[in-house]
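Hi everyone, thanks for making time. I'd like to walk you through a structure that's new to most of you, so have a look at it while I talk.

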Amino acid sequence: MDFAMDPEMMPGLAEAAELARTARRVVVLSGAGLSAESGVPTFRDAQTGLWERYSPEQLATEDAYRADPELVWAWYQWRARLVRSCAPNAGHHAVAAWQRRLSGSPGAGTGHDAGPAGSRGTLTIATQNVDDLQERAGAEVMAHLHGSLFDYRCADCGEPATHDPGTATADTAGAGGPGSTPDLESLLRIAPPRCAVCGDGMLRPGIVWFGEMLPADALADTIAALEDCDLAVVIGTSATVQPAASLPYAALGAGAAVVEVNPEVTDFSTAATVSLRGLAGQVLPALVPAYDGHHGPFR
Ligand code: APR
């Protein structure tokens, strides 16, 4: 992470970096694009390999789960294992470093990341991502608006449950265990465990499926943070899935600047104060302030 992105090279980067340097209440809204460089496929990518014949829209609904719980459960177990095999990228680390520097967190280490004058402000993270890569980069995430691959609950009684999805080696080892021939069909069907509380229901992932409501508290907290921020940074989202797609407008409506980071033009791009056309892992390290009068890259 010792590369520096030249502000002359990217239109808007110098303006966005100045907004970042002066902001004291920052909100980061992230989507699948933030984790793309870690190897987690985005939702608009076609699925490949084992799951290529299914689209996320076919699998991420309560109807799909009720119709074929083993298929849907297997898909989420596979995704959880995939995420476990991925590491946070430079974009996650840049956001985490920015949060530490703004908060002056004592856990931030020394020197570059420590806020010598204590807290300078806050950086609040609300994500549509169901992975844990931002946390694994050391950041605190306020809201997982679409849930988490690592939370579970009973589909019938709703009681939260713990479950270990295992590791990615299970996906290549075959149903008969390590060394056996992979039985692909068996990987596409895994029976969800029964609920330990009611005994009848099956576990489901703690994901907000299409057609379901977002967690009300997480959504309200996110809107409150946006209405009180001076800068929102919208990273790696296609801005197509509601209500998350509307959230940046709460910041604009409150008079805050909004910087978008995305290699593609989105429906939000023209509304953004600055729209940076680049990869999160390259743009964010250059955007994050060091608070010594300069901007990233961070160490
Ligand atoms: N850096 C920044 N942005 C990127 C990168 C990258 N390296 N790679 C891809 N992108 C952008 C794409 O251009 C696209 O705009 O990330 C976006 C990914 O879009 P989606 O796959 O639609 O992801 P997201 O907006 O998070 O999806 C919203 O859809 O299926 C649902 O619940 C699911 O949370 C998900 C929601």
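One term before we start: when I say buried, I mean under 20% relative accessible area. And please keep in mind that this is a predicted model.

By that cut-off, tyrosine 76 and tryptophan 209 are both buried. Let's stay with the aromatic rings for a bit. How many aromatic pairs does the count come to? It comes to seven. Take tryptophan 51 and tyrosine 54: their ring centres are 5.7 Å apart and the planes sit at 55 degrees, so we call that pair tilted. Tryptophan 51 and tyrosine 54 are buried as well.

Now back to tyrosine 76 and tryptophan 209. They form a tilted pair too, with 6.1 Å from centre to centre and 45 degrees between the planes. What I like here is that the pair links distant parts of the chain, 133 residues apart. Tyrosine 76 is in helix 5, residues 69-84, while tryptophan 209 is in the loop between strand 6 and helix 10. And these two rings have company: Tyr65, Trp75, Tyr76 and Trp209 make up one aromatic cluster.

There are arginines around that cluster, too. Arginine 204 lies over the face of tryptophan 209, at 3.9 Å from the ring centre. Over the face of tryptophan 75 you'll find arginine 79, at 4.5 Å from the ring centre.

A quick word on helix 5 itself. From first C-alpha to last, its 16 residues reach 22 Å, close to the 22 Å expected. Is helix 5 mostly covered or mostly open? Mostly covered: 13 of the 16 residues are buried.

Okay, over to the strands, and to strand 8, residues 257-261. Why do I say strand 8 is largely enclosed by the rest of the structure? Because five of its five residues are buried. Both faces are covered, with Ala257, Val259 and Val261 on one side and Val258 and Glu260 on the other.

So which strands pair with strand 8? Strand 7, residues 231-235, does so in the parallel sense over five bridges. Strand 9, residues 274-276, is also parallel to strand 8, over three bridges. Glutamate 260 is a nice residue to click on here: glutamate 260 is the bridge partner of valine 234, and glutamate 260 also stands opposite serine 275 in strand 9.

Last one: strand 7, helix 11 and strand 8 together make a right-handed β-α-β unit. That's it from me, thanks!

Technical notes. Residues numbered from 1 in each chain as written. Predicted model: local features only at pLDDT ≥ 70, side-chain atom pairs only at ≥ 80, totals over all residues. Heavy atoms only, no water. Phe/Tyr/Trp six-rings, centres within 6.5 Å; stacked < 30°, edge-to-face > 60°. Buried < 20%, exposed > 50% of the residue type's maximum accessible area, 1.4 Å probe, protein only. Helix = DSSP H or I, 4+ residues; strand = E, 2+ residues; numbered from the N terminus. Lys NZ or Arg CZ within 6 Å of the ring centre and 35° of its normal. Expected span 1.5 Å × (residues − 1). Pairing = 2+ DSSP bridges. Right-handed = clockwise from strand over helix to strand, strands pointing away.
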